[in-house]
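Student: Could we go through this one together? I'd like to see how the labels get decided.
Tutor: Sure, have a look and then ask away.

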Amino acid sequence: MADTTPGARTAPRLAATSARAQAYVLTLVLLVATTVIGALPARADTHRGPSAAARHWTGTWAAAASGTAPALPGASIRNVVHVGVGGTAARIRISNRLGTAPLRLGAVTVALQVPGAPGRPDAVPGSLRAATFGGARTVVVPPGRDRVTDPVALRVPAYSNLLITLHTPAGSGPATYHRSARQTGFVAPRGDRTADEHGSAFTTTVGSWYYVTGVDVLGTSTAGSVVALGDSITDGNGSTADANRRWPDRLAERLRALPAQRRPGVLNAGISGNRLLRTGVGPSALARLDADVLTRTGVRTLIVMEGINDIKGTPNVTDPAALTAGYRRIVARARAHGIRVIGATLTPFGGHGAYTAARERVRLAVNDAIRTGRVFDAVADFDRAVRDPAHPHRVRPAYDPGDHLHFNDAGMRALADAIDLADVADTA
């Protein structure tokens, strides 16, 4: 639903001086309010009514930088992202983490996507907002760095789609992106079309997220966020595109039953082809822990499902203790930041081209360590939830999209349903 508060509608290209001034004032107000709220003691709102509840920043969407793609100089890129928890303002994380040259953005806007139309680049009328960086509409992001926008005054409904549009006026070297979005994005090949509500200029589609790696919202939730750190299974391979049916999406849907103030955001840090110990497709899980987990907003819980690519990849890990040691390093670093860690068992891949009996023995040994080795704070037994009882080295046929490794929508649901909600949220 669009924000219909007085002054919420924005002129077609946000060009009027008064509109820019009004947006800047709103940004300053939000910055001051957020600073004041952050300075309050934790129990400050204990005796306050719901209408006076304090606001908190919560991570509601994320994508891990998985590699680079050729830049799109002169284009406007409209990324579509699906948020979980909602709020009264948003801030966007822009990444040049894997770039080799300064990233220059001429403009960034945020809007609500027209509901029920995942294949269209159209914004809800009146919802388009300009994002700023320290009050400026342009920004230069150094290579290897991220930048976060100022708060954007936009009411973001829970479980809705946002359009985040960026204009790259010139070449900025390789573009940091998340390759396998399983979400249709849009490109206007020429000119700054960031302020276009109607999407007619966005004539090209893409299947990746460019530069955008996170969204936070300002709301009443005090539950923080949950990060799912994983590979292609967490990334959603095998699930229906444009439908938000990855297992972290299903987990977010399950958490929807909780009251808003106890509902954590769910951040998907899966990368297709990712490994726990070795850099391959994207940095290894160990190498990207800071960027994709420890520096994200309000992380309280981490779910780790990494290791199958270490077992079946080249070179492959043959010693289960090497993977267990990697898990322990992640757990130790997360706990040092006050983060609870859930270990997910590795799912079967019998029938896949990389399967061998020796690799299966490694998988079983790793799963035994996860279940019984006291490595993690809790366990989500994904293996037990999806394996074929008649052939435990294989996925149930009803969950198999055909490659004997990934999961269809039903399989993704089974994975998410194997997580005890009490391990990721206050369900009392």
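Student: What makes the contact between the side chains of Asp383 and Arg387 a salt bridge?
Tutor: A salt bridge needs a side-chain nitrogen of Lys or Arg within 4 Å of a carboxyl oxygen of Asp or Glu. For Asp383 and Arg387 the N to O value is 2.9 Å, so the pair fits that definition. Before we go on, keep in mind that this is a predicted model, where local features need pLDDT of at least 70, side-chain atom pairs count only at pLDDT 80 or more, and totals for chains, interfaces and linings use all residues. Residues are numbered from 1 along each chain as its sequence is written, and side-chain values use heavy atoms, leaving out hydrogens and water.

Student: Why is Asp383 called buried?
Tutor: Buried means under 20% relative accessible area, exposed means over 50%, and partly exposed is in between (1.4 Å probe, protein chains only). Asp383 has 2% relative accessibility, so the label is buried. Its partner Arg387 comes out at 25%, so that residue is partly exposed.

Student: Which residues do salt bridges with shared partners join into one network?
Tutor: Arg93, Arg97, Asp146, Arg288, Asp292, Arg296 and Glu306. A search of the whole structure turns up 24 salt bridges.

Student: What makes Arg340 and Asp423 a pair that ties parts together?
Tutor: Their side chains meet in a salt bridge at 3.1 Å, N to O. Arg340 lies in strand β19 and Asp423 in the segment after α9 (409–417), so the pair links parts that are 83 residues apart in sequence. Helices (H or I, at least four residues) and strands (E, at least two) are DSSP runs, numbered from the N terminus.

Student: And how do you know whether Arg340 is buried or exposed?
Tutor: Neither! Arg340 has a relative accessible area of 32%, so the label is partly exposed. Asp423, at 16%, counts as buried.

Student: What about Asp381 and Arg371: what do their side chains form?
Tutor: They meet in a salt bridge, at 2.8 Å from N to O. Asp381 sits in the loop between β20 and α8 (382–386) and Arg371 in helix α7 (residues 357–372), so this pair ties together parts 10 residues apart in sequence. Asp381 is buried at 12% relative accessibility, while Arg371 is partly exposed at 30%.

Student: How do you know that β19 and β20 pair?
Tutor: Two strands pair if DSSP finds at least two bridges between them. Strand β19 (residues 340–344) and β20 have 3 bridges, in the parallel sense, so they pass. In one of these, Ile342 has Ala378 of β20 as its bridge partner.

Student: Which strands make up the open sheet, and in what order?
Tutor: The order is β17-β16-β18-β19-β20, with parallel pairing. β17 (265–270) and β20 (378–380) each have a single partner strand, so they are the edges and one side of each lacks a neighbour in the sheet.

Student: What residues does Ile94 touch?
Tutor: Contact means heavy atoms within 4.5 Å. Leaving aside neighbours within four places in sequence, the contacts of Ile94 include Leu103, Phe133, Arg145 and Tyr211.

Student: Finally, how much of the protein is buried?
Tutor: Of its 428 residues, 55% count as buried. The protein has 9 helices and 22 strands.
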